[in-house]
Amino acid sequence: MTTVINSLRQQIAICEASLRELRQQLADAEHIQRQQEKASRPKNPLVTDPTDPFDHDMNFGIPDDFRSEIFAVLEQEVKSPVQDDSAHYIRWPLERYEYKRYGRQLIMPEIGIQGQLRLRNARVLIVGVGGLGCPAAAYLVGAGVGTIGLVDGDVVEESNLHRQILHSTARVGMTKVESAIVALNSLNPNVNLVPYTSRITPETATSTFKDYDLVLDCTDNPASRYLISDTCVLLGKTLVSASALRIDGQLMVLNNPPLPPGDTNGGPCYRCVFPKPPPPESVVSCGDGGILGPVVGVMGVLQALEAIKTLTQKPLAFEPPSLLIFSAYSNPMFRSIRLRSRKVKCTACSMHATITPEALDSGSLDYVQFCGSVSPIDALTPQERISVESYAKLRSGVNPFTGTVSNKDNHILVDVREKTPFELCSIDGSINVPFSVVEATPSSSNNDMDVDEEDWIAQLRRSEKPIFVVCRQGNDSQITVKKMKQLGLDAGGKRYIGDIRGGLESWRKSIDNDFPEY
Amino acid sequence: MSNDETIPITIEFSGGLEILFSNQKKYSLALPAKDESGEPANVAFLVRHLCDKVMKDPRKELFVLDDTVRPGILVLINEADWELEGEDKYEVQKGDHIMFVSTLHGG
């Protein structure tokens, strides 16, 4: 039976892979078709008007030479009342569809005809097409920004869809940039979209940014935030930067006005506000911390708004620098903080800047190293760790080391994920001690008699059964094992405490395929 | 002036820092008016006070590094970046609202 199941699984995987391939090809083909249609659309509106019966007749069943003759005559007739095309252009600076499509923003004094022309002539680069980039791109494409560049090296995953609103279920597996272009083209086919399907690097940053007027930082890590800010300072671009996690969001318009490094009248850059990167262990991703869709959506929409404001503003009408803090469960939800001006000793935008175009382009600036990274946790000896296979045997009552059969309840399984994910799914019989509680516990078991031991420690101390610790991926569980030993729960080495290698992800892959993946 | 005089202030944590402070976002605090050496309480003293007296979490390095607030945390005094107010030398005033904001990176 297992061979049948395995073979079916394999076949499904193959079919899914080719389905993904086909979808990608379809999107590419559709994209090319649209581009061709756009390119082949004749200048003379008469030719493509499907409601015109004459036009229809001309396109069906009439010899080519006859048709071109007729058109030549017609073209002259059309031109006769107006002198030429350019005169028509001066009379109505926007095309007819633009008055209709953008009418609701055109009639506002904040935009008007000048603002719309500025938007049409503008080139905006959106770095990151995820939770921030999707809504930001949707509103900028909707508003009629002339050219929009999209940078992202990732592919669409199912867990993106609750917040990354341009992608769709059918496009899981497609690159985020391609997927976004499909959605944005159907929203507004008049915008020129430029795809960049690789992650931004120091080597590519300058050449990618140089042709744009404004940059939106919609990325998700400190290294790219410093890189994007430095590049914007060196090239004199204003940067609209936003971020979000869980229920909070932050927004800043940086390097605004985008004056050359050393000019103290220029707006502060990311390095002025955050000269040093945060310790890597304090950086939490949306995958680990969670994110509420509308929270990151609000921040992305605000980026689009700031971009429109910046692109259409009257010259020299600059707002003082500020940080907008959004907190979905606080009252009030929004708060604006006055920020500092350019830092006198900023390494990027001051007279003393050490970050130069040469240094950036040569790739000698290592942003990943600058921001550091959390090295994979390897805190335990092999004896303190158990594979999911061995643990599964142990649960079935067989001792994986001696082969003897014993009581199933011979151990305690501690799950150290937070309470909410633990309530989503857990291994039968496990008890929950959230990692935040473990970490908040002082590691030395101080002998102060007046300090009550925390409940979870007291509970585990009451038993002598071996303890196995599990978490999502097998990192927090190792730290917990260490902590438990520091707290003396191993009775001086007499009691076994170990972690389950690879955590619940390995458990799902190797033992229990029904265990939910989240 | 007695030694146990205090200054009433409001402290707020945002961007996830509240996790280090028992998941409580807002604190009404009575800060001693003088620091250890009898000088008027400034923000540097407030940070030490928070670390020693308010923060129960043992991971002090996620709040303070090299005797100052760690990189990636903005300190805002009455809705303004503390760099506009003299950073940690700013002398705390009655009724001040001081906010610690951890930067977010998700997107």
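Here are a few notes on the two annotated cysteines and the contact between chains A and B in this predicted model.

1. Start with the annotation. An unreviewed UniProt entry puts its "active site" label on Cys286(A) and Cys471(A), so to speak a pair of places to look at in chain A.

2. Cys286(A) sits in helix α14, which covers residues 286–289 of chain A. With a relative accessible area of 14%, Cys286(A) counts as buried because that value is under 20%. Beyond its sequence neighbours up to four places away, Cys286(A) touches residues of chain A, among them Arg163(A) and Ile291(A), and also Gly106(B) and Gly107(B).

3. Cys471(A) lies in a loop, between β12 (467–470) and α22 (476–486) of chain A. Cys471(A) is buried too, at a relative accessible area of 3%. Setting aside neighbours within four places in sequence, its contacts are Val416(A), Arg417(A), Asp476(A), Ser477(A), Gly503(A) and Leu504(A).

4. Now the interface. Chain A brings 42 residues into contact with 33 of chain B. Together the two chains bury about 2,900 Å², with 56% of that on carbon and sulfur atoms.

5. On the polar side, five salt bridges link chain A and chain B. One of them pairs Glu439(A) with Arg59(B), where the closest N and O atoms are 2.5 Å apart. There are also 13 residue pairs in polar contact between the chains, both partners at pLDDT 80 or more.

6. Which elements of chain A give two or more residues to the side that touches chain B? They are α12, β5, β6, α13, β7 and β8. The largest share, four residues, comes from β8(A). By type, that side of chain A has 20 nonpolar, 12 polar and 10 charged residues.

Technical notes:
Residues are numbered from 1 along each chain as its sequence is written. Chains are lettered from A and ligands numbered from 1 in the order in which they are written. This is a predicted model: local features need pLDDT of at least 70, side-chain atom pairs count only at pLDDT 80 or more; totals for chains, interfaces and linings use all residues. Side-chain values use heavy atoms; hydrogens and water are left out. UniProt positions are given in the numbering used here, feature names are shortened, and annotations may be inferred rather than shown by experiment. Buried means under 20% relative accessible area, exposed over 50%, partly exposed in between (1.4 Å probe, protein chains only). Contact means heavy atoms within 4.5 Å. Buried area is the accessible area (1.4 Å probe) that two parts lose on being put together, summed over both. A salt bridge is a side-chain nitrogen of Lys or Arg within 4 Å of a carboxyl oxygen of Asp or Glu. A polar contact is a pair of N or O atoms within 3.5 Å; within protein, one must be able to donate a hydrogen and the other to accept it, and residues adjacent in sequence count only if both atoms are side-chain atoms. Ala, Val, Leu, Ile, Met, Phe, Trp, Tyr, Cys and Pro count as nonpolar, Asp, Glu, Lys and Arg as charged, and the others, Gly among them, as polar.
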